[in-house]
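Biologist: Hi! I'm new to reading structures, could you walk me through this one?
Modeller: Happy to, let's put it on the screen and go through it together.

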Amino acid sequence: MIKVRIVSTAADLTSNLTTVKAEVLEPFGEMMRVKDVVELEVENGVNLDDGELEKLVEEKYGR
Amino acid sequence: MSSQSNGVVFDTDTPMPHIVGVINKYVAHTFPDTGGDVKVRGFLTGAGNCREYDCRYERVCGYERVCSYERVCEYDSFFDREVCTTERICDRVYQCDRERICGFVDIDGYDQSAKTVVYAKEHVERYTLGSVESGTNPDFLLVYLTANRTKAGSQNARGTFKTAIPNGRRISGTGSTLLESAYRVGGSTWLTRIVSVYLVGNTVKAEFRHSNRYYDGEYTENTISCFGAADFSFMNDDISSRWGIDFEVYVGKFTT
């Protein structure tokens, strides 16, 4: 079961495009370890909160 | 809790501030170069400012005295034979020639001046600095930051962007901190770069906000060139800056 943690979100406010950088974590014994670092471009993502963005990355990563 | 003069320092019956978490995080952030252009205007200076060495052929005509020797023979009846003599015959002849003439001649020069423009941009990048335990619901933040500008944006005509941040010194960073700004001649601000630290639920975020209006500079660079249009491409501004910031965040809550 993976978990997504947002590292940063970047947006050009004039273009409505948000770039989300996130860490994908996986269980590692009693800990979690960073399995991957991904970037995703989201249209109209400026108004999405971290929870929504994490869910979006999780969906895309799982595919 | 009272002070030495019996003044109340902490009234524990009122909501008391306390620290529920400390977050340390280093963030390296690059503010964007928004792109721009160099505008050039100019005019021909007219002859007299520049000279060049030039050669050309000219047709030169005139009368010339042209002489030649001719062998003239006549029959001499006394000797019964032909007697020849050489005679010099001259005449005025109209002649034309092509002559190569070299020397310095006046030519037009190019008087040009240039300025830069920078395109407008609004850009924001938010970093997650860390979180406190779920359900904490913090009330306030105390932030220290130690910032280093590792690359400074600049303009050809105005130099490096101004900053009031002491390089490598630990300063208070609660709320918003102006990292860089740039001004037009006359005072109005056209570029700001601000870092803000704030709470979203139990998470602490740092936001780097870049904002610049279209910048249309003044014609500053001037050159007179005798050899065609000058190249001003060296003037293109690189306004990108890079900052490395150590955040030290004390996450606080009031007792209930």
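Biologist: Let's start in chain B. In what sense do strand 7 and strand 16 of chain B pair, and over how many bridges?
Modeller: Strand 7 (residues 140–151) and strand 16 (residues 241–254) of chain B are antiparallel, with 11 bridges between them. To find the pairing by eye, look for Ala147(B), which sits opposite Ile245(B) in strand 16. Keep in mind that this is a predicted model.

Biologist: Got it. How many bridges join strand 7 to strand 10 of chain B?
Modeller: Three, and those two strands of chain B also run antiparallel. Strand 10 covers residues 170–172. There, Ile171(B) is the bridge partner of Leu145(B).

Biologist: And what about strand 11 and strand 12 of chain B, how do they pair?
Modeller: Strand 11 (residues 175–183) and strand 12 (residues 189–200) of chain B pair in the antiparallel sense over eight bridges. One facing pair is Glu180(B) and Arg193(B), the latter in strand 12. The two strands form a hairpin with five residues between them.

Biologist: Which residue in that turn has a positive phi?
Modeller: Gly186(B), at about 110°. There is another hairpin to look at, made by strand 12 and strand 13 of chain B, with two residues between the strands. In that one Gly201(B) takes a positive phi near 65°. Strands 12 and 13 of chain B pair antiparallel over 10 bridges, and Val197(B) has Ala206(B) in strand 13 as its bridge partner.

Biologist: Nice. Where do side chains point along a strand, generally?
Modeller: In a regular strand they alternate between the two faces of the sheet.

Biologist: Changing topic: what does chain A look like, in terms of helices and strands?
Modeller: Chain A has one helix and three strands, and the order along the sequence is β-β-β-α. Its C-alpha trace spans about 45 × 20 × 15 Å along the principal axes.

Biologist: So how many residues are in contact where chain B meets chain A?
Modeller: 10 residues of chain B touch 10 residues of chain A. Together the two chains bury about 920 Å², with 42% of that on carbon and sulfur atoms. On the chain B side, Glu122(B), Val124(B) and Arg126(B) lose the most area to chain A, together 45% of what that side buries.

Biologist: How many salt bridges are there between chain B and chain A?
Modeller: Two. One of the salt bridges joins the side chains of Lys121(B) and Asp12(A), at 3.0 Å from N to O. There are also seven residue pairs in polar contact across the interface.

Biologist: Which strand of chain B gives the largest share of the side that touches chain A?
Modeller: Strand 6 of chain B, with eight residues. By class, that side has two nonpolar, two polar and six charged residues. Strand 6 of chain B also pairs with strand 1 (residues 3–12) of chain A, antiparallel over five bridges. Ser8(A), for example, stands opposite Tyr127(B) in strand 6.

Biologist: Back to salt bridges, how many are there over all chains?
Modeller: The search finds 13. Among them is Arg158(B) with Glu218(B), whose closest N and O atoms are 2.3 Å apart. That pair links distant parts of the chain, 60 residues apart.

Biologist: Last one: which domains is chain B divided into?
Modeller: Domain 1 is 12–46 + 117–254, and domain 2 is 51–107. Taken over C-alpha atoms, the centres of the two domains of chain B are separated by 85 Å.

Note on methods:
Residues are numbered from 1 along each chain as its sequence is written. Chains are lettered from A and ligands numbered from 1 in the order in which they are written. This is a predicted model: local features need pLDDT of at least 70, side-chain atom pairs count only at pLDDT 80 or more; totals for chains, interfaces and linings use all residues. Side-chain values use heavy atoms; hydrogens and water are left out. Contact means heavy atoms within 4.5 Å. Buried area is the accessible area (1.4 Å probe) that two parts lose on being put together, summed over both. A salt bridge is a side-chain nitrogen of Lys or Arg within 4 Å of a carboxyl oxygen of Asp or Glu. A polar contact is a pair of N or O atoms within 3.5 Å; within protein, one must be able to donate a hydrogen and the other to accept it, and residues adjacent in sequence count only if both atoms are side-chain atoms. Helices (H or I, at least four residues) and strands (E, at least two) are DSSP runs, numbered from the N terminus. Ala, Val, Leu, Ile, Met, Phe, Trp, Tyr, Cys and Pro count as nonpolar, Asp, Glu, Lys and Arg as charged, and the others, Gly among them, as polar. Two strands pair if DSSP finds at least two bridges between them. Domain bounds come from an automatic or database domain assignment.
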